[in-house]
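Open the model in a viewer and keep the sequence panel beside it. The stops below are given in the order in which to select them.

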Amino acid sequence: KYLIMATIYVITGPPYIGKSTCGQYFILEGIKILDPNLFVQSYAELGLKDGYRRFEEQLLGLLSHDEDFAVEVNIVNKAHLQMLQDIKALYPENKIEMIFFYTDNMYICQARSKAKKNSSCDSDPDKITRSYIHTMPLVKRHLNLFSSVKGIDISENHIVPETVFKYQDNVLGIEEARSLPVWAQ
C-alpha cells in the first residue's frame, strides 16, 4: 500500500450545476481550486491560446510539491477525464476525493445557463442535456479513480446544496441522508 502524500478534491457534475458557486463549501478551507475552463477563458480573453497548458503547469506544480488542492472538472470532457486517469496512474499515493454535484431535475442546469449572461461557457441546451445524461454513467464507470465520494444534491427548493451521501474506500457502508434523491439511489 502507498503512503498518502496529498489529497486532491475533484469537484464534478454536469455544466451549470453549481460547482463553481458552491464547490468551496465542500472542501477544507484554504484549499486552492483549479478550474481548467477558467484558465482557458482567461487566456482567451487576452487573445492567448495556451490557457490549458498553463492550467497543466499549475496542476503539475501542485502535484510535484505534494500539496492538497481541488480541481473542478466536467467528467464528460475527455481531456478532464484523461487528466484524472493520469493523476491516478502517475501519483497513486495521493488520495482523490470526489465531490459530485447532481440533481434529479436537469432543467435546473438549463435554467442556470440561460440566467448566466456574458458567459463564454457553452450554453447550448442540447449539449447541456447530453452532458447531464452522460455524467452519471461516466462517474459510475470511473469510481475506481476515487478514494471517496460525497454526493451533493442540487434542488430548486434549497438555497444551499445538501450532502446526501458519503462513501469512503476501505470503510464499510455508505453514510446517507434521511431520504435520497432518485439519482443517488
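Which are the buried residues of H3? In this predicted model, select Gly 51, Phe 55, Gln 58, Leu 59, Leu 62 and Leu 63. Around the helix axis they cover an arc of only 135°, so they sit on the same side of H3. An α-helix has 3.6 residues a turn, so residues three or four places apart point the same way.

Keep that selection and show what surrounds it. The buried residues of H3 pack against three strands and two helices: S1 (7-12), S2 (33-34) and S3 (69-73), together with H2 (36-45) and H4 (78-90).

Now select the whole of H3, residues 51-64. The helix has 14 residues, and the distance from its first C-alpha to its last is 20 Å, close to the 20 Å expected at 1.5 Å a residue. Just after H3, go to Asp 66, where phi is positive, at about 55°.

Return to the helix and pick Arg 53, which lies in H3. Is Arg 53 buried or partly exposed? Its relative accessible area is 43%, so Arg 53 counts as partly exposed. Draw a distance from its C-alpha to that of Pro 36: the two atoms are separated by 9.3 Å, and the residues are 17 apart along the chain.

Next, colour the strands. Seven of them form an open sheet with mixed pairing, in the order S2-S3-S1-S4-S5-S6-S7. S2 and S7 stand at the edges; each has a single partner strand, so one side of each is left without a neighbour in the sheet.

Within the sheet, select S4 (residues 95-102) and S5 (residues 148-153), which pair in the parallel sense over six bridges. Glu 97 is a place to zoom in, as Ser 148 in S5 stands opposite.

Then select two cysteines, Cys 22 and Cys 109. Cys 22 is buried, with a relative accessible area of 11%. Cys 109 is also buried, at 0%. How many disulfides does a search of the whole structure find? The search finds zero.

Finish by colouring the chain by pLDDT. The chain averages 87, and 90% of the residues score at least 70. Among the elements of the chain, S1 has the highest mean pLDDT, 97, and S7 (residues 175-176) the lowest, 73. Both belong to the sheet shown earlier, where S7 is an edge strand and S1 comes between S3 and S4 in the order.

Conventions:
Residues are numbered from 1 along each chain as its sequence is written. This is a predicted model: local features need pLDDT of at least 70, side-chain atom pairs count only at pLDDT 80 or more; totals for chains, interfaces and linings use all residues. Side-chain values use heavy atoms; hydrogens and water are left out. A disulfide is a pair of cysteine sulfur atoms within 2.5 Å. Buried means under 20% relative accessible area, exposed over 50%, partly exposed in between (1.4 Å probe, protein chains only). Helices (H or I, at least four residues) and strands (E, at least two) are DSSP runs, numbered from the N terminus. The expected span of a helix is 1.5 Å times one less than its number of residues. The arc is that of the directions from the helix axis to the C-beta atoms. Contact means heavy atoms within 4.5 Å. pLDDT is the predictor's confidence in each residue, from 0 to 100. Two strands pair if DSSP finds at least two bridges between them.
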